[in-house]
Amino acid sequence: MDIWFKWNMFYTSFLPLWASIVVSDVWSICHKMNNILPTSTVQTASRIFTVWNIAKIEVITFLVLVLYSFFSIIYLCCFISNKRKNPSLPTGKIVEAKRANKLSTEFLLAYILPMIAFDFSSAHDVVLFLIYFTVLSFLCIRNNNIYTNFLFEIKGYRMYECDIECPVLTENKLYKNSLIISKNKTLANSIPRKIGYFDFDNYIYIDLEGE
């Protein structure tokens, strides 16, 4: 699978965290400006220069997060759209399915909330966060633990635990306890059913037909 797709799936899983950091950075910049700048007598250029001097970390963090979040969202939307246009989508038959309701909440509590404790106006904390996040991203991407995605939640996707039969060479193979990410609200009904999918790693699929 495309490593960039994996990385951007992982990155957009943390959109609530990135939004929290951006708000925190803006708040910190405004607070520093109010404390240091003498109101309207300062020229615009001087004000910008002063903001850069007193809040370099916040400004850099803000720009990186906003710009890359925008790029990552566009990339994923285009990637899925291109996969959906494939005239010969791989198809499988779902034989069992149930909603996986707890995965998003568990991901939020286990990964996102603890990271909010970092102080992103401190170079020390930013470095520690980057070390932690790099290790976490390596482990999650390497083990395909990138299915809980906030962007997909916004777009209306749901997660289902399924048993699915997929063609492998000349025969069908049953993959039990697989995860299917789909917009289909009734995926767990009318089983068995066929879907066209994008395959993560034989156990995680994105339903490209369900709406």
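Me: Let's start in the sheet: which residue is the bridge partner of I181 in β5?

Reply: Happy to! In this predicted model, I181 has I206 of β5 as its bridge partner.

Me: What makes β3 and β5 a pair?

Reply: Pairing takes at least two bridges. Strand β3 (residues 171-182) and strand β5 (residues 204-207) have three bridges, so they pass that test. The sense of this pairing is parallel.

Me: And what makes β4 and β5 a pair?

Reply: Again there are three bridges against a minimum of two, so β4 and β5 count as paired. Here the strands are antiparallel, and Y197 has D207 of β5 as its bridge partner.

Me: How do you know that β1 pairs with β2?

Reply: Six bridges link β1 to strand β2 (residues 158-168), and the requirement is at least two. The two strands run antiparallel. One position to look at is A97, which stands opposite C162 in β2.

Me: What about β1 and β4: how do you know that they pair?

Reply: Strand β1 (residues 91-99) and strand β4 (residues 193-199) share four bridges, where at least two are needed. They too are antiparallel. In β4, G196 is the bridge partner of T91.

Me: Why is the pairing in the barrel called mixed?

Reply: In general, strands of a sheet pair through backbone hydrogen bonds, either parallel or antiparallel. This barrel contains the parallel pair β3 and β5 as well as antiparallel ones, including β1 with β2 and β4 with β5. The five strands close in the order β1-β2-β3-β5-β4, with mixed pairing. On average, neighbouring strands of this sheet are turned by 55 degrees against each other, direction ignored.

Me: How do you know that both faces of β5 are covered?

Reply: Take the two sides in turn: I204 and I206 are buried on one, and Y205 and D207 are buried on the other. Buried means under 20% relative accessible area.

Me: Let's turn to the helices. Why are α1 and α6 called oblique to each other?

Reply: The axes of helix α1 (residues 3-12) and helix α6 (residues 123-142) cross at roughly 125 degrees and come within 10 Å. Roughly perpendicular covers 65 to 115 degrees, and roughly antiparallel means over 145. The crossing angle falls between those ranges, so α1 and α6 are oblique. The crossing is right-handed. From α1, the contact uses I3, K6, W7 and F10, and from α6 it uses F133, L136, S137, C140 and I141. By class, that gives seven nonpolar residues, one polar and one charged.

Me: What makes α1 mostly covered?

Reply: Of its 10 residues, seven are buried. They are F5, K6, N8, M9, F10, Y11 and T12.

Me: Why is W18 called buried?

Reply: W18, in helix α2 (residues 15-36), has a relative accessibility of 4%. The limit for buried is under 20%, so W18 qualifies. Apart from residues up to four places away in sequence, W18 touches Y11, L65, S69, F129 and F133. Of these, S69 is 51 residues from W18 along the chain, with 8.1 Å between their C-alpha atoms.

Me: How would you class S13, buried or exposed?

Reply: Buried: S13 has a relative accessible area of 4%, and the class takes anything under 20%. S13 sits in the loop between α1 and α2. Beyond its neighbours within four places in sequence, S13 contacts F107, I112, T148, N149 and F150.

Me: Why is N189 called partly exposed?

Reply: N189 has 43% relative accessibility. Buried would need a value under 20%, and exposed one over 50%, so N189 falls in between and counts as partly exposed. N189 belongs to the loop between β3 and β4. Its C-alpha is 8.0 Å from that of A97, with their positions 92 residues apart in sequence.

Me: To finish, how many helices and strands does the protein have?

Reply: There are seven helices and five strands, running α-α-α-α-β-α-α-α-β-β-β-β from the N terminus. Of the 211 residues, 39% are buried.

Definitions and conventions. Residues are numbered from 1 along each chain as its sequence is written. This is a predicted model: local features need pLDDT of at least 70, side-chain atom pairs count only at pLDDT 80 or more; totals for chains, interfaces and linings use all residues. Side-chain values use heavy atoms; hydrogens and water are left out. Axes are lines fitted to C-alpha atoms, for helices over the stretch in contact, and angles run from 0 to 180 degrees between N-to-C directions. Angles under 35 degrees count as roughly parallel, over 145 as roughly antiparallel, 65 to 115 as roughly perpendicular and the rest as oblique. A crossing is left-handed if the near helix is turned anticlockwise from the far one by less than a right angle, and right-handed if clockwise. Contact means heavy atoms within 4.5 Å. Ala, Val, Leu, Ile, Met, Phe, Trp, Tyr, Cys and Pro count as nonpolar, Asp, Glu, Lys and Arg as charged, and the others, Gly among them, as polar. Buried means under 20% relative accessible area, exposed over 50%, partly exposed in between (1.4 Å probe, protein chains only).
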